Amino acid sequence: MGITDMQEAFYYRECAAAHENSPLGLHYAMFLPTINKQATPEQKKKWLPLAENYKMIGTYAQTELGHGTFIRGLETTATYDPKTKEFILDSPTLTSKKYWPGCLGKTSNHCVVMAQLYTQGKSHGPHMFMVQIRSMEDHSVLPGIEVGVIGNKFGYGTNDNGFLSFDKLRIPRENMLMRYSQVGRIPRENMLMRYSQVSRIPRENMLMRYSQVHEDGTYVKPQNAKLAYGSMVLIRSSIVSDAARGLAQACVISIRYSAVRRQTEAYPGGEEPQILDYQTQQYRLFPLLASAYSLQLAGKYVFNTYLEVNDQIEKGNLESMPELHALSAGLKAFSTYEASAGIEVCRICCGGHGYSQASGLPKIYVDVVPGCTYEGENTVMMLQTARYLMKCYSRAKQGQKLPGFVQYIGQNLNKKSCMSEEVALGCLVMAYEHRAARLVEAAAMRMQSLIQGGKKQHEAWNGSSVQLFWAAKAHCHLFCVKNFVDAIQAKSLSSKTVTVMKSVCQLYGVHGILENLGEFMQDGFFSGEQVGYLQRKMLALFENIRPNAVALVDAFDYPDMVLGSCLGRYDGQVYQALYDYAKSAPMNQTEIHSTYYKHLKPLINPETTSDAMQFAKL
Ligand SMILES: CCCCC/C=C\C/C=C\C/C=C\C/C=C\CCCC(=O)SCCNC(=O)CCNC(=O)[C@H](O)C(C)(C)COP(=O)(O)OP(=O)(O)OC[C@H]1O[C@@H](n2cnc3c(N)ncnc32)[C@H](O)[C@@H]1OP(=O)(O)O
Ligand SMILES: Cc1cc2nc3c(=O)[nH]c(=O)nc-3n(C[C@H](O)[C@H](O)[C@H](O)COP(=O)(O)OP(=O)(O)OC[C@H]3O[C@@H](n4cnc5c(N)ncnc54)[C@H](O)[C@@H]3O)c2cc1C
């Protein structure tokens, strides 16, 4: 392609083969970024040119048959042999076989492998290693390696997710990605490669990051063990926009189709209305349209935050790592949950045609829904965010100032909503802050009471994890609402655009409250009368959004070739497109299908079926 910008290359691939999940997807999304972020300058100098020019094609092999979530429980081992200055990679058990990595079964000839590092008889936890798995001459599998595909999946048909195991495979010491932790002496020139003059680096930086070790394999700890998890944070930060894109495309298809489809006379003898005029269709689709806009804004925010924090990390300042982890983990979970559920509603809103591949919706769904699992199973990710919120809560209770977006935690909960008929954006934000603060406090109180009752920390954690999940979900929901409101209020949009977008933003906030009413009303924050305001406002917003609904999805500007949908075509020629799609079905290339002669004819006309066929039938 010759496109050098990663993001542009990503969008090109999205257009050229939308939702096809390229067999090189992991090469771009994780193999290249892992070399970029986890390799030393020397290693980058050696591997990046090869990988960028497809002279190395790789994937990210971390998950095993027995472990995906619990990285510290991974069983693949990498044991350092000081005599030969090599690592010995081994899959000691059945459950240690790598299982799931994308593009692994047949495509990749290399992979970055997450394995438990052992040196001098001690385990140092999961680390990344560069491993060649296939010959660069003829793509044959190298000795000491077993690799293959895992078979059919729910979707992702074009991705050869695979399994991989090692039988005491030896790799050079230089193949451990050593940017943040090392084994075996680091040549002085490496230091120079990272920083122009070793002398110019304050000594504590060198000790913290590039301190010397002996050739006997003494291990040098990284500044933070979680630096090795960096590639996952990058992808989680990218997945939010990915989920938003999928939901937005499903909204384009279902709302355009709902403007074309007419069904059921509105009154005896009357005209059949556009199904988009049914209030129930608006109730199902318009909040999803609002959610698509909200998640797109959230995706931009979290990816920009990733870039900023990653810059600081590369300079040795790890201060914002915990906040980035909490934000990316929570929003990855929140966005993929919301998008997956929303795409399914869009499909159902298209009736029978929504169930056809011709709609383009099943393909979008099976492309987005695994995002609830990969890159960190959603519940686990929400609980990671909850872990951070608990820390923030105790800091708030100690009177400490909290960073940026979590300042709402620990606020005075003894207040009522300011909600009026107008449903001001500020009152919406206040409601979400109150709900999140209350759920964070309730989870913290629950944990405290269990511990005071004699439970151990891990028992109290598990005994509070439902409420911890609720708190994290409310935190992410607040983020999306507040981020949307800030965008509306900060944007210098034209007055007409602001009016329309303000309605979309209001609908996102109002609908979210009505769909989670118990959490907003449990402490009497809202009165029944105020709930009535919200219900009437939601119905009014449907009417307000209806005239601009098609324009609001056109604004996403997805070309027909990306949507791949007979229902969501820009020209609205749905029925002709469906008929053409049907006519082009492979089974219609012959009038009588070959199976007629073998299976049907003997039933229908047994007397005319030749004896041989009869015999074949028996
Ligand atoms: C530029 C364009 C790029 C192109 C990308 C384009 C599009 C992307 C969109 C879509 C994706 C496309 C393709 C990709 C498709 C498929 C790829 C899937 C690949 C995979 O599917 S690849 C495997 C993923 N597999 C996981 O995702 C495992 C999840 N499991 C874990 O991640 C850990 O297992 C965890 C965290 C559960 C426990 O880990 P643990 O047991 O070691 O930690 P523990 O609980 O003990 O402690 C916790 C302390 O660590 C801190 N902490 C933890 N993690 C941190 C981090 N990341 N950063 C900073 N701090 C962190 C905490 O904040 C806390 O801190 P504190 O203690 O202060 O509270
Ligand atoms: C399409 C697809 C592509 C993938 N690509 C890759 C890849 O390229 N590279 C790679 O390495 N991996 C890949 N994976 C694997 C993926 O990263 C893992 O499946 C994911 O991390 C979840 O781990 P798991 O499968 O072990 O699920 P588990 O962790 O076993 O989850 C099962 C259930 O247990 C629950 N659970 C687990 N731990 C906890 C806990 N501590 N607290 C509460 N509940 C818990 C979960 O919430 C979940 O409900 C891919 C997976 C898919 C589906």
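In this predicted model, 34 Å separate the centres of domain 1 and domain 2, taken over C-alpha atoms. Domain 1 covers residues 6-221, while domain 2 is assembled from the two segments 230-399 and 428-550. Where the two domains meet, 16 residues of domain 1 are in contact with 12 residues of domain 2. On the domain 1 side of this contact, helix H2 and helix H5 (203-210) each supply at least two residues. Of these contributions, that of H2 is the greatest, with 6 residues. The chemical make-up of this side is 7 nonpolar, 7 polar and 2 charged residues.

We can now turn to the ligands, beginning with ligand 1. This ligand is surrounded by 33 residues, and the closest are Tyr229, Ser238, His325, Tyr374 and Gly376. Several helices take part in the shell, with at least two residues each from H1 (6-16), H2 (25-38), H6 (230-260), H8 (321-348) and H11. The largest share belongs to H6, which provides 6 residues. Sorted by class, the shell around ligand 1 holds 17 nonpolar, 11 polar and 5 charged residues. Ligand 1 lies between the domains, because domain 1 and domain 2 both give residues to its shell.

Ligand 2 has a shell of 22 residues, and the closest to it are Gln62, Thr63, Gly68, Thr69 and Thr379. Two elements give two or more residues to this shell, namely strand E1 (58-61) and helix H11. Its composition by class is 10 nonpolar, 11 polar and 1 charged residues. Here too both domains take part, as the shell around ligand 2 draws at least three residues from each of domain 1 and domain 2. Helix H11 is thus a contributor to the shell of ligand 1 and to that of ligand 2.

A further point of interest is Glu375, which an unreviewed UniProt entry annotates as "active site". Glu375 sits in the loop that links helix H10 (361-368) to helix H11 (378-397). Despite its place in a loop, Glu375 counts as buried, because 26 other C-beta atoms lie within 10 Å and the cut-off for a buried residue is 20 or more. Leaving aside residues up to four places away in sequence, the contacts of Glu375 are Met232, Ile235, Arg236, Ile239 and Lys332. In sequence, Glu375 is flanked by Tyr374 and Gly376, both listed among the closest residues to ligand 1.

Finally, strand E5 (residues 110-119) offers a good view of the strand pairing. E5 is mostly covered, with 9 of its 10 residues buried. Strand E1 pairs with E5 in the parallel sense over 4 bridges, and within this pair Thr59 stands opposite Cys111. Strand E2 (residues 77-81) also runs parallel to E5, joined to it by 3 bridges, with Thr79 opposite Tyr118. The pairing of E5 with strand E6 (residues 122-132) is antiparallel and comprises 9 bridges. In E6, Val131 is the bridge partner of Cys111, a residue that also stands opposite Thr59. E5 and E6 form a hairpin with 2 residues between the strands, and in this hairpin Gln120 takes a positive phi near 55 degrees. Strand E1 therefore links two parts of this account: E1 gives residues to the shell around ligand 2 and pairs with E5.

Key: Residues numbered from 1 in each chain as written. Chains lettered and ligands numbered in written order. Predicted model: local features only at pLDDT ≥ 70, side-chain atom pairs only at ≥ 80, totals over all residues. UniProt positions renumbered as here; feature names shortened; annotations may be inferred. Buried ≥ 20, exposed ≤ 12 C-beta atoms within 10 Å, placed from the backbone. Contact = placed C-beta atoms within 7 Å. Near = placed C-beta within 6 Å. Nonpolar A, V, L, I, M, F, W, Y, C, P; charged D, E, K, R; others polar. Domains from an automatic or database assignment. Pairing = 2+ DSSP bridges.
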